[in-house]
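Trainee: I am new to this one and would like to know where the labels come from. Could we go through them together?
Mentor: Gladly; let us look at it first.
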Amino acid sequence: MVAYKDKDKGSVVSLNARRAVEDEANAAAFGVSITQSNLVAPAANEQAESLLGRLVFDETQAFYVASLDGALIAVSAEYEKLTVRLGNGLLSAGAPDHIGHGPVPSLKLIIDDVMANGSSVRVQESLLIGREEHVFLGRHIPVKDALGDVIAIAGVYEDITGQIRGLADASRAQSRFQDFTRASSDWFWECDDEMKLNELSDRFTAIVGRPSSLYKGSSFDQIGKFNSNNEGRNDFGEAVALKKPFRDQLLEINDASGKDMRFHLSGVPIFDRATGEFSGYRGVGMDVTQKYRDLDRSRRTRQELEDTLKELTRKNMALDIASGQAQMALKSKNEFLAAMSHELRTPLNAIIGFAGAMTAEACGELGSEYKGYANDIHGAGEHLLGLINDILDVSVIEGGGLTLQLEDLPLEVIIGQAANYNIQQAHAKNIDTSNWHTDAVIDIMADDRRATQIFVNLLSNAVKFTPEGGQIGIEIEEGEKTVNVTIWDNGIGIAPDHLDVIFDKFKQVTDHFYSRKQEGTGLGLHISRELARHMGGNISVTSEEGVGSRFTVTLPKSKQE
Ligand code: ADP
């Protein structure tokens, strides 16, 4: 501050108080009140010098007074200190030791400006202090006498480096924030203390398709509807009432085309730095429309899945009941078949026995015609018995009632029995049986009757499906724990697509003039394989149509083996 000093009273007073003419422009420019006395104005420089005697410098400011021709008249102590700090660099008013040495050229230029303007002039000056650039704001004002004539120039310098840097920082921060805003898919908002929107970023406009000005002055409740978010929370109102921050509050808004859009709002309360008073909220909004659509879809899919699962469980239960009923029915059927077969076998055995006796003419000679009939009865009886036996076997196996007596048995005996049973029919068809190797000395673990039944069946099939003069062989191959017995023939063979089904019940796959002559039930292979499996073995087949077949029975060797 600069003021005139009343030498008589020895105190500092503003010339205001001494009826001075106030120069408002100067006062405003300087920030302090500088006024002139009502002295009769002498020539400019003399007046300045006489003024000087009455000036008081505010020691806290870097201040100078110069005459109109640019000669430095006086500087404040702070100006002197500043000059020392600046080292070689000089402010426009020059070095303090220039006082009394005529006009300072740089000051002369500024004074010309002040004179031309008729009011104060602000000049920014950059100077290096050490390696750091400092910016000084010089405010130069005309000092006028009571008549309004300029009689001197006064100026004050202020180091505004901090302010300039602060401004630069603020502008950098602002442009950084603008970049974030542009790059972000989120939008930004600000509300006043009544929760009315006063700021909405352009991104919101882009998403919703309406100018943000439409929303300014409105509350969120007016532009959309809050709803429970994906975590089941809806506490926007509660957070605002308590002036607390909030996160991911679901706001639903209809966009310009009427489409339902969903946003997650997060915000923090703002308080006035100076007074600490609540002044609103600031925050971000995130477009979560797609996320919620995906969530809805996955919820729907999960629901559908659950429904399907329920339906499946229901069907499974129904199936369980049905299969239980079927099992029961199967059991009853098997029981019935077993009972019936048993009942049929007794009279059938009598028929076969008596027919045999008649054929053998055990009770006396028969006419040739009657003997022929007795023979037919015997044959038909045998066939029927075979059929009944097969049906009984299937029902026993399916009913789980098959009992086996597993024991160590010599393989050659089993195969020998089966061979004896079939050899006559083979020879009757002129079939070459020279390759029936039945003499392997291996013990197997099997049920005697059932194992023989398997080989009888396979050999009788081979005889059945091999034409006159063909060839049938028996091969034995010993493995580590099992033995493979292969019954092979060069008969009619089996088509590749029939190989899978011949082990099914009632399947007879040969279908040409030759096979139609063959009798059978289609149960033999099924029963044989089930028996082999029950004994810990199996039956496999390879065959080529017109070339022949190989049926291989695998059975476990005896433990001693
Ligand atoms: P079937 O009582 O009809 O012989 P199988 O179950 O023993 O019943 O045989 C089923 C079918 O497999 C036969 O009808 C026949 O078509 C075929 N098959 C079995 N063995 C042979 C074989 N050695 N050669 C050709 N086909 C065979």
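Mentor: Aspartate 260 has a relative accessibility of 34% and counts as partly exposed. Before we go on, this is a predicted model, where local features need pLDDT of at least 70 and side-chain atom pairs count only at pLDDT 80 or more, while totals for chains, interfaces and linings use all residues. Residues are numbered from 1 along each chain as its sequence is written, and side-chain values use heavy atoms, with hydrogens and water left out.

Trainee: Why is aspartate 260 called partly exposed?
Mentor: Buried means under 20% relative accessible area and exposed means over 50%, with partly exposed in between (1.4 Å probe, protein chains only). Aspartate 260 has 34%, so it counts as partly exposed. Arginine 262 has a relative accessible area of 17%, so it is buried.

Trainee: What makes the contact of arginine 262 and aspartate 260 a salt bridge?
Mentor: The term asks for a side-chain nitrogen of Lys or Arg within 4 Å of a carboxyl oxygen of Asp or Glu. Here the N to O distance is 3.8 Å, so the pair fits the rule. Both residues belong to a salt-bridge network that links Glu252, Asp260, Arg262, Asp296 and Arg299. The rule gives a count of 21 salt bridges.

Trainee: How do you know that glutamate 78 and lysine 81 are about one turn apart?
Mentor: They sit 3 residues apart in helix H3 (residues 77-86). An α-helix has 3.6 residues a turn, so residues three or four places apart point the same way. The two side chains form a salt bridge at 3.4 Å, N to O. Lysine 81, at 52% relative accessibility, counts as exposed, whereas glutamate 78, at 25%, is partly exposed.

Trainee: Which residue forms a salt bridge with aspartate 112?
Mentor: Lysine 108, with the closest N and O atoms 3.0 Å apart. These two are 4 residues apart in helix H4 (residues 105-117), so about one helical turn separates them. Aspartate 112 is partly exposed at 38%, and lysine 108 is partly exposed at 31%.

Trainee: What makes a stretch a helix or a strand here?
Mentor: Both are DSSP runs numbered from the N terminus: helices are H or I with at least four residues, strands are E with at least two.

Trainee: How do you know that the span of helix H9 agrees with its number of residues?
Mentor: The expected span is 1.5 Å times one less than the number of residues. For the 71 residues of H9 (residues 289-359) that gives 105 Å, and the end C-alpha atoms are 97 Å apart, which agrees.

Trainee: Where does H9 have a kink?
Mentor: At threonine 346, shortly before proline 347, with an angle of about 25°. The bend is the angle between axes fitted to the seven residues ending at a residue and the seven starting there. Just after H9, glutamate 361 has a positive phi of about 50°.

Trainee: What covers the buried residues of H9?
Mentor: The cover includes strands E12 (246-254), E13 (260-271) and E14 (278-287), along with helix H10 (368-398). Among the buried residues of H9 are Tyr292, Asn334 and Leu348.

Trainee: Why are E16 and E20 called edge strands?
Mentor: Two strands pair if DSSP finds at least two bridges between them. The open sheet has 5 strands in the order E16-E18-E19-E21-E20, with mixed pairing. Strand E16 (432-436) and strand E20 (538-544) each pair on one side only. E16 and strand E18 (residues 471-478) run parallel and are joined by 3 bridges, which meets the cut-off.

Terms used:
Contact = heavy atoms within 4.5 Å.
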